Amino acid sequence: MRIDLHTHSTVSDGTESPSEVIRAAAAAKIDTVALTDHDSVSGWQAASAMAAALGLGFVPGVEVSAKHRGISIHLLGYWPDPHAQAMTDMFAKTRRARVARAQEMTERIAKQYPITWDDVMVRAGDADTVGRPHIADALIDAGHFEDRSAAFAAALMPGSPFYVPHYAPDVLDAVRAVRAAGGVPVFAHPGADLRGRVVADQVIVDMADAGLAGLEIDHRDHSPQQRERLSALAERLGLIRTGSSDYHGAGKPNQLGENTTSEEAFDALHAQRG
Ligand code: AMP
Ligand code: FE
Ligand code: FE
Ligand code: ZN
């Protein structure tokens with residue numbers, strides 16, 4: 001069994017539609033795949049229909065943007081009720097804040113690398129959730145950078161003069177909102193320290209107390225040191241270990257199935273479904 005629990009579509013910052021992501025998963029010999037767009041569940045229907053047609057297991061998921069004292073945290077939520085009001089309100093608020101933030105970043109960037117807000121909107125297409133990758137795509141179209149990675153390195157990372165943060169809920173509130181919706185929360189790439197600051201062990205302890213189910217340990221953005229630290233923490237706190245690709249289509253080098261979750265871990269997550 002190959003289980004990949006973290007992928008993105010054009011609903012957020014992936015480059016393939018939800019049904020294309022599922023087709024790509026089938027081609028990559030994945031048996032069970034989760035669609036986890038940022039702050040939106042609007043890809044579930046198309047993805048689950050395609051998964052049923054192709055005989056793949058489908059896990060409806062979401063990657064919630066959250067925060068702890070200014071440090072950005074991504075929280076995966078599996079099987080939440082898509083109609084749970086508190087959770088969908090939280091996503092809507094974040095999505096609105098993301099648009100204003102992308103506009104502000106675009107204005108700042110345009111002074112050095114000419115692009116317009118329209119260029120960014122064209123690249124966002126009908127995405128529900130706008131993010132820095134759409135700004136990166138506009139910069140690539142305008143010929144300023146080769147690919148998203150280069151655009152991020154030069155202009156889009158925290159610490160860049162163009163970087164603007166956006167509203168996101170506190171991570172303990174996000175954990176509770178996913179649980180209240182009957183979902184199973186897993187901390188996405190908790191040790192990805194090349195992207196920005198990561199949280200200390202105590203924050204993970206507090207998240208576990210609030211209802212966290214697991215840690216996404218097997219992820220390409222983790223160094224051997226981070227894997228070791230997180231494995232010890234998972235063991236100590238009784239958290240489930242997951243692994244995933246964080247596939248974004250052509251938007252990132254990450255390949256479907258490059259990291260996977262064991263059947264045992266998957267069953268343990270599924271058993272916690274509310
Ligand atoms: P945002 O959601 O606007 O904060 O942007 C974060 C998203 O940008 C992440 O979900 C990744 O998909 C993407 N990202 C972050 N760092 C990089 C990078 N170095 N290269 C390409 N994409 C990146
Ligand atoms: Fe992303
Ligand atoms: Fe993420
Ligand atoms: Zn992701």
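**Close-up views of the metal sites and helix contacts**

With a relative accessibility of 9%, Gln226 counts as buried, because the limit for this class is under 20% relative accessible area. The model shown in these views is predicted.

**Figure 1. Surroundings of Gln226 in helix α9.** Helix α9 spans residues 224–237 and contains Gln226. Leaving aside residues up to four places away in sequence, Gln226 touches Gly191, Asp193 and Val198. The view therefore shows a buried residue, at 9% relative accessibility, together with these contacts from elsewhere in the sequence.

**Figure 2. The zinc ion (ligand 4) and its protein donors.** His6 (NE2), His8 (NE2), Glu63 (OE) and Asp246 (OD) are the protein donors of the zinc ion (ligand 4), and they lie 2.1 to 2.3 Å from it. The angles subtended by the four donor atoms run from 77 to 168°, so the arrangement around the zinc ion (ligand 4) is irregular. Along the chain, the donors of the zinc ion (ligand 4) follow the spacing H-x1-H-x54-E-x182-D. A distance of 4.4 Å separates the zinc ion (ligand 4) from the iron ion (ligand 2). Because His6 is in the loop between β1 (3–4) and α1 (18–27) and Asp246 is in the loop between β7 (240–243) and α10 (263–271), the pair ties together parts that are 240 residues apart in sequence. His6 is buried, at 0% relative accessibility, and Asp246 is buried with a relative accessible area of 1%.

**Figure 3. The iron ion (ligand 2) and its protein donors.** Coordination of the iron ion (ligand 2) is by Asp13 (OD), His38 (NE2) and His248 (NE2), at 2.2 Å. The spacing of these donor residues in sequence is D-x24-H-x209-H. Distant parts of the chain are linked by a pair 210 residues apart: His38 in the loop between β2 (32–35) and α2 (44–54), and His248 in the loop between β7 and α10. His38 counts as buried at 7% relative accessibility, as does His248 at 3%. The iron ion (ligand 2) is 5.4 Å from the iron ion (ligand 3).

**Figure 4. The iron ion (ligand 3) and its protein donors.** Glu63 (OE), His74 (ND1) and His189 (NE2) are the protein donors of the iron ion (ligand 3), at 2.0 to 2.2 Å from it. In sequence, the donor residues of this ion are spaced E-x10-H-x114-H. Glu63 in strand β3 (residues 57–68) and His74 in strand β4 (residues 71–78) are 11 residues apart, and the pair links distant parts of the chain. Glu63 is buried, with a relative accessible area of 1%; His74 is also classed as buried, at 15% relative accessibility. Glu63 (OE) is listed as a donor of the zinc ion (ligand 4) and of the iron ion (ligand 3).

**Figure 5. Packing of helix α3 against helix α5.** Helix α3 (residues 85–110) and helix α5 (residues 132–141) pack at an angle of about 35°, and their axes are 10 Å apart. The crossing in which α3 passes α5 is right-handed. On the α3 side, Arg101, Ala102, Met105, Thr106 and Ile109 take part, meeting Arg132, Ile135 and Leu139 of α5. By class, this contact of α3 with α5 comprises five nonpolar, one polar and two charged residues.

How values were computed: Residues are numbered from 1 along each chain as its sequence is written. Chains are lettered from A and ligands numbered from 1 in the order in which they are written. This is a predicted model: local features need pLDDT of at least 70, side-chain atom pairs count only at pLDDT 80 or more; totals for chains, interfaces and linings use all residues. Side-chain values use heavy atoms; hydrogens and water are left out. Axes are lines fitted to C-alpha atoms, for helices over the stretch in contact, and angles run from 0 to 180 degrees between N-to-C directions. Helices (H or I, at least four residues) and strands (E, at least two) are DSSP runs, numbered from the N terminus. A crossing is left-handed if the near helix is turned anticlockwise from the far one by less than a right angle, and right-handed if clockwise. Contact means heavy atoms within 4.5 Å. Ala, Val, Leu, Ile, Met, Phe, Trp, Tyr, Cys and Pro count as nonpolar, Asp, Glu, Lys and Arg as charged, and the others, Gly among them, as polar. Donors are N, O and S atoms within 2.8 Å of the metal (3.2 Å for Na, K and Ca); water is not among the atoms, so sites may look incomplete. Buried means under 20% relative accessible area, exposed over 50%, partly exposed in between (1.4 Å probe, protein chains only). Four donors count as tetrahedral if all angles lie between 85 and 135 degrees; four count as square planar and six as octahedral if opposite donors are over 155 degrees apart and all others between 65 and 115; anything else is irregular.
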